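Biologist: I would like a close look at a single part of this model, with enough of its surroundings to place it. Please take the packing between the opening pair of helices as the centre of your answer, and then work outward.

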Amino acid sequence: MANTRQAARPLSPHLQIYRFTITMAMSIIHRITGGALYFGTLLLAWWLLSVAMGPDAYALFQTVAGSWFGKLVLFGYTWALLNHMVSGLRYLVWDNIRAFDLKSADVMSWGAVIVGVVLTIVTWVLAYELKGVL
C-alpha cells in the first residue's frame with residue numbers, strides 16, 4: 001500500500017504570495033461601495049416618502065439630513081455612488097480587453113480613485129453653490 005500523505009503547503013495562494021496592489025484595493029472598494037449603495041437607497045426612499053407624506057415628515061428628514069452626521073452620511077453615499085460608477089467604467093474598459101497590462105491597470109485604478117474623489121467634491125461644492133439659487 002502506497003503512502004498517500006499530502007505535502008504541507010497552502011491550499012491556495014494567499015497573503016504569502018500576493019502583494020497588495022491598487023487594482024486589488026479598487027476591486028475590494030468596488031464591492032464594498034456596491035453593497036453600501038443598497039443601504040444608501042434606503043435614504044433615497046426615505047427622502048421620497050417624506051416628500052409624499054407632507055411637510056412634517058419632510059421637516060424630520062431635513063433635520064436628520066441637515067445634521068453634521070447626516071451630511072457625513074450623504075457625503076459618503078455620494079462618494080460611494082460616484083466611485084462605484086467610475087470603477088464600473090474601468091471594468092467596462094477591461095471587459096473590452098483593453099488596458100490589461102500592469103502599468104495601464106494601475107494608472108486606470110489610480111485615475112478611478114482621483115476622479116471619484118474629485119467628482120464627489122465638485123458635486124458637493126455645486127450643491128452648496130446652487131442651494132441659494134434653487
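**The α1–α2 contact and its surroundings**

Modeller: From the N terminus on, the elements run α-α-α-α, and the protein, which is seen here as a predicted model, has 4 helices and 0 strands. Of its 134 residues, 22% count as buried, and the accessible surface comes to about 10,500 Å², with 72% of that area belonging to carbon and sulfur atoms. Among the contacts between residues at least 6 apart in sequence, 69% join residues at least 24 apart.

Now to the part you asked about. Two packed helices are described by the angle between their axes and the distance between the axes. For helix α1, which spans residues 22–53, and helix α2, which spans residues 55–66, the axes come within 7 Å and cross at roughly 145°. On the α1 side the contact is made by Leu43, Trp46, Trp47, Ser50, Val51 and Met53, and on the α2 side by Ala57, Tyr58, Phe61 and Val64. Sorted by class, this contact of α1 with α2 has 9 nonpolar residues and 1 polar residue, while charged residues are absent from it.

Within this contact, Trp46 of helix α1 deserves a separate description. Once residues up to four places away in sequence are set aside, Trp46 touches Phe61 and Val64, both of which are among the α2 residues that make the helix contact. Trp46 and Ala57 are 11 residues apart in sequence, and their C-alpha atoms are 9.5 Å apart in space. Trp46 nevertheless counts as partly exposed, because its relative accessibility is 31%, which falls between the 20% limit for buried and the 50% limit for exposed.

Elsewhere in helix α1 lies Gly34, which is buried because its relative accessible area of 17% is under the 20% limit. Gly34 and Asn83 are 49 residues apart in sequence, yet the distance between them in space is 9.6 Å, C-alpha to C-alpha.

Moving on along the chain, the loop between α3 (68–95) and α4 holds Ile97, and Ala99 lies in the loop between α3 and α4 as well. Ile97 has a positive phi of about 55° although it is not a glycine, and Ala99, also not a glycine, has a positive phi of about 60°. As for their accessibility, Ile97 is exposed because its relative accessible area of 61% is over 50%, whereas Ala99, at 24% relative accessibility, counts as partly exposed.

Helix α4, which covers residues 102–130 and includes Leu126, also contains Thr120, and these two residues fall into separate accessibility classes, as the values that follow set out. Thr120 counts as buried because its relative accessibility is 1%, under the 20% limit. Leaving aside neighbours within four places in sequence, Thr120 is in contact with Phe75, Thr78, Trp79 and Leu82. Leu126, by contrast, is partly exposed, with a relative accessible area of 46%. Leu126 also belongs to a nonpolar patch on the surface, which is formed by Trp110, Ile114, Val118, Val122, Leu126 and Leu130 and has about 560 Å² of accessible area together.

To return to the part you singled out, the picture is of α1 and α2 with axes that come within 7 Å and cross at roughly 145°, through a contact of 9 nonpolar residues and 1 polar residue, in which Trp46 touches Phe61 and Val64 while remaining partly exposed at 31% relative accessibility.

Note on methods. Residues are numbered from 1 along each chain as its sequence is written. This is a predicted model: local features need pLDDT of at least 70, side-chain atom pairs count only at pLDDT 80 or more; totals for chains, interfaces and linings use all residues. Side-chain values use heavy atoms; hydrogens and water are left out. Patches are made of residues with over 30% relative accessible area and no salt bridge: like charges are joined within 9 Å, nonpolar side chains (Val, Leu, Ile, Met, Phe, Trp, Tyr) within 5 Å. Accessible areas come from the Shrake-Rupley method with a 1.4 Å probe; for residues, only the protein chains shown count as cover. A salt bridge is a side-chain nitrogen of Lys or Arg within 4 Å of a carboxyl oxygen of Asp or Glu. Helices (H or I, at least four residues) and strands (E, at least two) are DSSP runs, numbered from the N terminus. Buried means under 20% relative accessible area, exposed over 50%, partly exposed in between (1.4 Å probe, protein chains only). Axes are lines fitted to C-alpha atoms, for helices over the stretch in contact, and angles run from 0 to 180 degrees between N-to-C directions. Contact means heavy atoms within 4.5 Å. Ala, Val, Leu, Ile, Met, Phe, Trp, Tyr, Cys and Pro count as nonpolar, Asp, Glu, Lys and Arg as charged, and the others, Gly among them, as polar.
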